[in-house]
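This briefing is for a reader who has not seen the structure before. Please look through the sequence and the model below, then read the notes by topic.

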Amino acid sequence: MGGHSYLRLAMAPDGSVLAGGGSISPVGVMKTYPSWETVQTFKDVGRVTSLHFNFHSNLLLVGSNDGRTRVMSWRHGKELLSWEFSSKFNEHLHTQFYFMDKFVLQPQQSSLALYAIGEMDGEDSNPLATLKFQKRLAATFPLDAQSITAVAAPNRFLSSQILAGLSNKGFQVMDVNAERVSFSVRCAHSKPVTCIRLNEAPLGGVQTSHLSDIVLTSAPSYFDPVKLWDLRLGAPVLRLSDINAAIFVPPARPALSPCGRFIATGCEDNSLILYDTRRMQSRHSTFGQLKSTVLDCVFDPVTPSIWAACRDGCFWKFS
C-alpha cells in the first residue's frame, strides 16, 4: 500500500484504526479490519514528527515541524485544539496523551510541559458545534540537558511516571507527583536516545504499573541501536546483538510487542526484522525484501501483525 510519504505510524489502542503521516502528505487515518480503507485525511499539517491516539481511540494528537501541536477528532475530521511548541530537535519530538487523556505531554527545549485538556461547555444542540477543547498549562518540569530528544509515558492507566531521552545520550524518569527525577542514566547509548517504547498490555489484558517498568530505547547508532531496560533494576537487561548489525537503519523506530516478547525494527537491506527477547543474538523472523527501508513500525493490538512505514512512502502489514 502506498501513494503517500508515510514516515510515522500510530495505532489506536483498540486496534480499529491506524494513522500515518510524513514529509509532504496529509495525515491519513485508515481502518485496519475487516478490510483496509482510508476513513479520514487531514491536510496542511506540515512534516509530521509525532502521532499518538488517546486512550478512547477517538482523538489523534499530531506534532509537526511547522511548530504546532494539534488535537484532531478523526471521526468528525475536525481540529479541536492547536498550539505552538518550541524545540530545537523537532525531528525527535514525541507529543502524547497522558494520565488517561487528562493531559498532553509536550517537550519544549529542555523542559517537559504538561497541559490539562478538556471539552468546552456549549449551548448549541449541534454536537459538531460544541466539539471544542481548551487547554491550560498545568506544570513544567526542567530536565538536566540541553534538549529533550524523546519522551514516553503510560496512558492506559494512571501513572506518575514520565520518561525522557536527552541530548546528552542519557535518559531520565520523572516522578510527577514528587516533582523530581526518580531515576537517571547518564550514558544510555553512544548517541542521543531518539525513541522510547513502553511495554503495554495486550488488548483485553490487565495493565499494571509493573509492565511499564520494561522499557525499550533506541539511538541512531550501529554500535548499540536497541536496548531493553528494567527500571526496577536500574539497568539494561538486553542489548540487540546481531551478526549483521552493520545493516541496521539508524533513524528507524523499533517497536515492542504488547506481550513484551518481541522487538521489530527496520534494516538497511529493506527488510523488517523480528527478534525474540529471549534470544536477542539471532533473528526470529525476517520480512522482506521490500522496495525501501523501514523507518517506523507498530504492533497490532488485536491480531498478531506488524505495520511498517517505509522511506518510499509505502506501508505494509506483516502477519
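The notes that follow cover a sheet, the aromatic rings, a charge over a ring, and the cysteines.

The structure is a predicted model. It contains an open sheet of four strands and seven aromatic pairs. The count of disulfides is zero.

**The sheet**

- The four strands follow the order β5-β6-β7-β8, and their pairing is antiparallel.
- At the edges of this sheet are β5, residues 48-53, and β8, residues 78-84, each of which pairs on one side only.
- On average, and with direction ignored, neighbouring strands of the sheet are turned by 20 degrees against each other.
- Strand β7 covers residues 68-73 and is joined to β8 by six bridges, with the two running antiparallel.
- Within this part of the sheet, R70 stands opposite S82, a residue of β8.

**Aromatic rings**

- A pair of aromatic rings is described by two values, the distance of the centres and the angle of the planes.
- Seven such pairs are found in the structure.
- One of them is formed by Y98 and F99, with ring centres 5.9 Å apart and planes at 55 degrees.
- Planes under 30 degrees apart would count as stacked and those over 60 as edge-to-face, so the Y98 and F99 pair, at 55 degrees, is tilted.
- Y98 and F99 also belong to one aromatic cluster together with F103.
- Y98 has a relative accessibility of 1% and therefore counts as buried, the cut-off being under 20%.
- F99 has a relative accessible area of 24%, so this residue is partly exposed.

**A charge over a ring**

- R239 lies over the face of F223.
- The distance from R239 to the ring centre of F223 is 4.3 Å.

**Cysteines**

- A disulfide requires two cysteine sulfur atoms within 2.5 Å, and by this rule the count comes to zero.
- C195 is in no disulfide, as the nearest cysteine sulfur, in C297, is 8.5 Å away.
- C195 has a relative accessibility of 1% and so counts as buried.
- For C310, the closest cysteine sulfur is that of C314, at 6.7 Å, which is too far for a bond.
- C310 is buried as well, because its relative accessible area is 0%.

Notes
Residues numbered from 1 in each chain as written. Predicted model: local features only at pLDDT ≥ 70, side-chain atom pairs only at ≥ 80, totals over all residues. Heavy atoms only, no water. Pairing = 2+ DSSP bridges. Axes fitted to C-alpha atoms, helices over the stretch in contact; angles between N-to-C directions. Phe/Tyr/Trp six-rings, centres within 6.5 Å; stacked < 30°, edge-to-face > 60°. Buried < 20%, exposed > 50% of the residue type's maximum accessible area, 1.4 Å probe, protein only. Lys NZ or Arg CZ within 6 Å of the ring centre and 35° of its normal.
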